[in-house]
Amino acid sequence: MEHPVFRNLRSFIIYSGAWITVMGIHFSVLFFFYGLPLKYSVADSLVFNLIFALAATALWFVVRYSPPRSGSVWNILLNHLSSAALILVLWLGLSYLTLVTVFADETRYIGFMRDSIPWRTLIGLMFYLLTGLAYYLVVMYSDLQERLRAEARLNELLKESELNVLKSQINPHFLFNSLNSISSLTITNPEKAQEMVIRLSDFLRYSVSANNNKFVPLEKELENIQRYLEIEKVRFGKKLEYVNNIEPGCQAVMIPAMLLQPLFENAIKHGVYESTGTVCIETSCGTKPGVTVITMVNDFDPEAPRRSGTGVGLANIRERMRLLYHRTDLLEARVEGNKFRVNLKIPHQHE
């Protein structure tokens with residue numbers, strides 16, 4: 001830890017200003033209260049306070065290497081008693097010798113200095129205590145800041161770990177469904193099975209690269225969703241339709257990687273699987289003050305029995321948004337007749 005007085009120019013100016021103030025008070029007491037001549041008052045206040053200000057800088061090392069947590073109270077007290085005695089003796093001795101040398105023939109002033117040693121000792125002790133306290137406050141503040149930084153780093157690591165867990169849930173979930181479909185197609189339609197394997201390979205290649213990035217452009221995310229829907233269309237054919245209505249300004253918006261995947265998986269699972277007619281998945285994107293809004297609407301059969309799932313989906317997205325943006329109001333989902341609508345808000349500060 002750097003010396004707080006010499007850490008930067010501002011700290012040095014504050015320290016110097018404090019001692020200049022003390023010098024002014026010292027001069028006023030000697031000149032107005034004791035009635036000492038001007039030259040004695042100026043010299044006395046200058047020499048005594050300047051020497052103590054220099055000696056007090058050494059007190060930092062006593063405080064720095066004797067913090068409250070370093071050992072017993074008695075050891076710390078002994079260290080400070082020793083350093084206080086040393087600093088006071090040096091301070092009084094050097095100040096006295098300097099002024100005696102300057103005013104060698106001024107017996108009246110020399111006598112005043114000799115008589116004032118007791119109260120000067122008390123004042124020096126007070127200066128020692130105040131300076132030591134200030135240094136301890138600096139140490140405690142620095143330790144507090146370091147603990148806060150360490151806590152922030154731990155929280156960030158924890159958040160990254162939670163996000164990685166959530167992202168890792170996506171690929172196995174989709175891969176499980178895709179492999180089941182490929183297994184069925186190898187018997188009924190080998191050519192479509194081969195086509196699906198190729199597209200699945202492209203999809204997984206993006207997924208692996210996306211796991212190294214926290215955010216990706218919406219354009220890249222939609223390209224990967226297109227691959228996913230093409231894979232599913234191999235299986236469902238004309239039963240599945242999809243439409244994109246993306247405003248030009250939305251293409252470059254940065255969103256969490258693989259964020260949209262669970263939405264489309266839900267649409268396939270709860271819409272296309274259970275419907276006997278064509279199901280359209282419509283994706284749109286627009287901007288509003290402070291946020292970019294991604295909306296996805298898909299048809300579904302309200303009368304069809306609900307399919308059971310593993311819980312990966314809206315809860316996954318909501319938790320990732322909470323971790324990344326520290327908000328819980330960014331995902332809205334509701335049923336509108338035979339349509340399911342999801343509104344996803346991306347705050348602009350993460351663009």
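Visitor: Which residue in β5 is the bridge partner of threonine 287?

Guide: In this predicted model, strand β4 covers residues 279-288 and strand β5 covers residues 291-299, and the two run antiparallel, joined by eight bridges. Within β5, the residue that bridges to threonine 287 is threonine 292.

Visitor: Which strands are the edge strands of the open sheet?

Guide: The sheet is open and built of five strands with mixed pairing, in the order β2-β4-β5-β7-β6. An edge strand pairs on one side only, and that description fits β2 (240-246) and β6 (331-336).

Visitor: By how many degrees are neighbouring strands of this sheet turned against each other on average?

Guide: The order of the strands, β2-β4-β5-β7-β6, sets which of them are neighbours. Averaged over neighbouring strands, and with direction ignored, the turn is 15 degrees.

Visitor: Which residue in the hairpin of β6 and β7 takes a positive phi?

Guide: Strands β6 and β7 run antiparallel and are joined by six bridges, and in one of these pairings glutamate 332 has asparagine 343 of β7 as its partner. Two residues stand between the strands of this hairpin, and the positive phi, near 70 degrees, belongs to glycine 337.

Visitor: Which helix lies across β6 and β7?

Guide: The helix in question covers residues 314-325 and runs at about 15 degrees to β7, which itself covers 339-347. Its name is helix α10.

Visitor: Which helix gives the largest share of the largest nonpolar core?

Guide: The largest nonpolar core has 45 residues, and those touching the most other members are Leu218, Leu260, Phe264, Leu344 and Ile346. Leucine 218, leaving aside neighbours within four places in sequence, is in contact with residues including Ile246, Val253, Leu260 and Ile294. The largest share of this core, eight residues, comes from helix α8.

Visitor: How many residues are in the other core, which lies apart from this one?

Guide: Among the members of that other core are Phe52, Trp60, Ala84 and Phe112. Phenylalanine 52 counts as buried, at 1% relative accessibility, and phenylalanine 112 is likewise buried, with a relative accessible area of 16%. The number of residues in this core is 33.

Visitor: Are the rings of phenylalanine 52 and tryptophan 91 stacked or edge-to-face?

Guide: A pair of aromatic rings is described by the distance of the centres and the angle of the planes. The structure has 17 aromatic pairs by the rule used here. For phenylalanine 52 and tryptophan 91 the centres are 5.1 Å apart and the planes stand at 85 degrees, so the pair is edge-to-face.

Visitor: How many residues apart in sequence are the parts that this pair ties together?

Guide: Phenylalanine 52 lies in helix α2 (residues 38-64), whereas tryptophan 91, which is buried with a relative accessible area of 4%, lies in helix α3 (residues 73-102). Because the two rings belong to these two helices, the pair ties together parts whose separation in residues is 39.

Visitor: What kind of aromatic pair do tyrosine 109 and phenylalanine 112 form?

Guide: Both residues lie in helix α4 (residues 107-115), three residues apart, about one turn of the helix. They also belong to one aromatic cluster, together with Phe33, Tyr34, Tyr40, Phe103 and Trp119. Their centres are 6.4 Å apart, with 25 degrees between the planes, and the pair is stacked.

Visitor: Which residue lies over the face of phenylalanine 48?

Guide: The distance to the ring centre is 3.9 Å, and the residue that lies over this face is arginine 120.

Terms used:
Residues numbered from 1 in each chain as written. Predicted model: local features only at pLDDT ≥ 70, side-chain atom pairs only at ≥ 80, totals over all residues. Heavy atoms only, no water. Phe/Tyr/Trp six-rings, centres within 6.5 Å; stacked < 30°, edge-to-face > 60°. Buried < 20%, exposed > 50% of the residue type's maximum accessible area, 1.4 Å probe, protein only. Lys NZ or Arg CZ within 6 Å of the ring centre and 35° of its normal. Pairing = 2+ DSSP bridges. Axes fitted to C-alpha atoms, helices over the stretch in contact; angles between N-to-C directions. Contact = heavy atoms within 4.5 Å. Core = buried A, V, L, I, M, F, W, Y, C linked by side-chain atoms within 4.5 Å.
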